[in-house]
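Work through the following exercises with the sequence and the model side by side, and try each task before reading its solution.

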Amino acid sequence: MREALDLARQAALLCEVPVGAVVVKKSTGEVVGRGFNRRETARSPLAHAELEAIAQASERLGGWRLIDCELYVTLEPCAMCSGAIINSRIERVVFGAYDKRFGACGSVITLFDLPFNHRPELIGGVLEEECASLLSQFFVELRKKKQAITGNR
């Protein structure tokens with residue numbers, strides 16, 4: 001999770017919502033995929049941290065089935081990312097902060113509870129305070145910048 005937090009900080013430096021993700025091969029402990037939010041930079045709604053990390057892991061491991069892999073992400077995955085997690089057969093998802101607006105791993109819905117052919121193990125709230133604080137700080141600073149530009153209080 002610490003590496004995912006470092007990636008989230010990289011995203012913040014690019015004025016992206018600070019979300020980071022890593023895919024780890026469980027049997028070796030090796031990080032096989034890394035990603036951070038790049039929606040603004042890539043101008044794409046698909047450039048979520050989880051999807052970036054899953055794509056990199058699939059390329060590195062030579063296939064779309066990420067058996068023996070787990071995903072660490074700083075923010076609860078949304079429905080799109082949860083679907084990719086299910087389809088890539090990731091075995092376990094560990095996330096930090098809960099997302100009450102878009103979270104599909106317990107907050108709004110738990111997609112993994114539905115009768116899909118694959119149901120990853122789910123662990124939420126790991127380093128939750130640190131992950132949530134990073135997001136909160138980012139949005140406080142973003143609001144300050146917008147107020148400075150518009151002159152609104």
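Two strands count as paired if DSSP finds at least two bridges between them, and the elements themselves are DSSP runs numbered from the N terminus, with helices (H or I) of at least four residues and strands (E) of at least two. The model is predicted, so local features need pLDDT of at least 70 and side-chain atom pairs count only at pLDDT 80 or more, while totals for chains, interfaces and linings use all residues. Residues are numbered from 1 along each chain as its sequence is written, and side-chain values use heavy atoms, with hydrogens and water left out.

**Exercise 1. Establish the strand order of the sheet and describe how its strands pair.**

Step one is the order: the sheet is open, has five strands, and reads β2-β1-β3-β4-β5 with mixed pairing. Its edges are β2 (30-36) and β5 (121-123), each of which pairs on one side only.

Step two takes the pairs in turn. Strand β1 (residues 20-25) runs antiparallel to β2 and is joined to β2 by six bridges, with V22 standing opposite R34. On its other pairing, β1 is antiparallel to β3 over five bridges, and here V23 has L71 as its bridge partner. Between β3 and β4 the sense is parallel, again with five bridges, and E70 stands opposite R92 of β4.

**Exercise 2. Place helices α1 and α3 relative to the sheet.**

Angles here run from 0 to 180 degrees between N-to-C directions, the axes being lines fitted to C-alpha atoms, for helices over the stretch in contact; contact means heavy atoms within 4.5 Å. Helix α1 (residues 2-13) packs on the sheet, where it touches β1, β2 and β3 (69-75), and its direction makes about 150 degrees with that of β1. Helix α3 (residues 49-61) lies across β1, β2 and β3 and runs at about 145 degrees to β2.

A residue of α3 illustrates this placement: A55 belongs to that helix, and its C-alpha atom is separated by 7.4 Å from that of G33, 22 residues apart along the chain.

**Exercise 3. Is T74 buried or exposed, and what surrounds T74?**

First, the cut-offs: buried means under 20% relative accessible area, exposed over 50%, and partly exposed in between (1.4 Å probe, protein chains only). T74 lies in strand β3, a strand in which seven of seven residues are buried. Because its relative accessibility is 2%, T74 counts as buried. Leaving aside neighbours within four places in sequence, its contacts include M1, A4, L5, A8, G96 and C131. For contrast, A55 has a relative accessible area of 46% and is therefore partly exposed.

**Exercise 4. Identify the residues with the most contacts inside the largest nonpolar core, and follow one of them outward.**

A nonpolar core is a set of buried Ala, Val, Leu, Ile, Met, Phe, Trp, Tyr and Cys residues joined through side-chain atoms within 4.5 Å. The largest one has 38 residues, and V23, L71, I85 and I90 have the most contacts inside it. Among the elements that give two or more residues to this core are α4 (79-88), β4 (92-97) and α5 (128-150). Beyond its neighbours within four places in sequence, L71 is in contact with residues including A21, V23, A53, I85, I90 and V94.
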